[in-house]
Amino acid sequence: MMATMLAGIAQFERDLLSERVKYGLVTARARGKKLGRQPGQRPKSDKLAPQVIEAVASGRSYRWIARDLGLSKNTVTEIMKRHRQRSS
């Protein structure tokens with residue numbers, strides 16, 4: 001019975017915390033704040049972009065390019081996506 005009471009109190013506290021966080025996010029949006037991860041500098045991927053583009057043009061796979069250059073596959077994909085947007 002004691003464990004059930006403590007679990008109920010813990011759930012109530014979790015609900016209060018969740019409610020406060022949601023309210024804070026709503027008020028921040030209402031004040032015009034940008035939420036989430038902000039776009040930033042990409043010095044490493046920008047520096048390696050020409051090598052990535054050249055390697056893709058020669059037929060290498062994104063995974064091998066990423067492994068050879070020390071990037072993630074997703075970074076290679078993003079570099080190519082930006083390159084295709086610029087060239088179209």
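This report walks through the helices and the largest pocket of a predicted model.

## Helix α1 and what follows

Let's start with helix α1, which covers residues 2-30. With 29 residues at 1.5 Å a residue, α1 should span 42 Å, and its end C-alpha atoms are indeed 42 Å apart, so the expected and modelled lengths agree.

After α1 comes Gly-32, a residue to look at if you check backbone torsions: its phi is positive, near 90°.

## How α2, α3 and α4 pack

Next come two helix pairs that share α3. In one pair, helix α2 (residues 43-57) packs against helix α3 (residues 62-69) at an angle of about 135°, and their axes lie 11 Å apart. That angle makes α2 oblique to α3. The crossing of these two helices is right-handed.

In the other pair, α3 packs with helix α4 (residues 73-87), with an axis separation of 8 Å and an angle of about 110°. Angles from 65 to 115 degrees count as roughly perpendicular, and α3 and α4 are therefore roughly perpendicular to each other. Here too the crossing is right-handed, as α3 passes α4.

## The largest pocket

If you are thinking about cavities and grids, the largest pocket has a volume of about 150 Å³. Its lining is made up of Arg-37, Gln-38, Pro-39, Gly-40, Gln-41 and Arg-42.

By residue class, the lining of this pocket holds three polar residues, two charged ones and one nonpolar one. Pro-39 is the nonpolar member, while Arg-37 and Arg-42 are the charged pair.

Key: Residues are numbered from 1 along each chain as its sequence is written. This is a predicted model: local features need pLDDT of at least 70, side-chain atom pairs count only at pLDDT 80 or more; totals for chains, interfaces and linings use all residues. Side-chain values use heavy atoms; hydrogens and water are left out. On a 1 Å grid over the protein atoms alone, a cavity is a set of points where a 1.4 Å probe fits but cannot get out, and a pocket is an open set with protein on both sides within 12 Å along at least five of seven lines; lining residues have an atom within 4 Å of a point. Grid points are joined across faces, edges and corners, and a volume is the space filled by probe spheres set on the points. Helices (H or I, at least four residues) and strands (E, at least two) are DSSP runs, numbered from the N terminus. The expected span of a helix is 1.5 Å times one less than its number of residues. Axes are lines fitted to C-alpha atoms, for helices over the stretch in contact, and angles run from 0 to 180 degrees between N-to-C directions. Angles under 35 degrees count as roughly parallel, over 145 as roughly antiparallel, 65 to 115 as roughly perpendicular and the rest as oblique. A crossing is left-handed if the near helix is turned anticlockwise from the far one by less than a right angle, and right-handed if clockwise.
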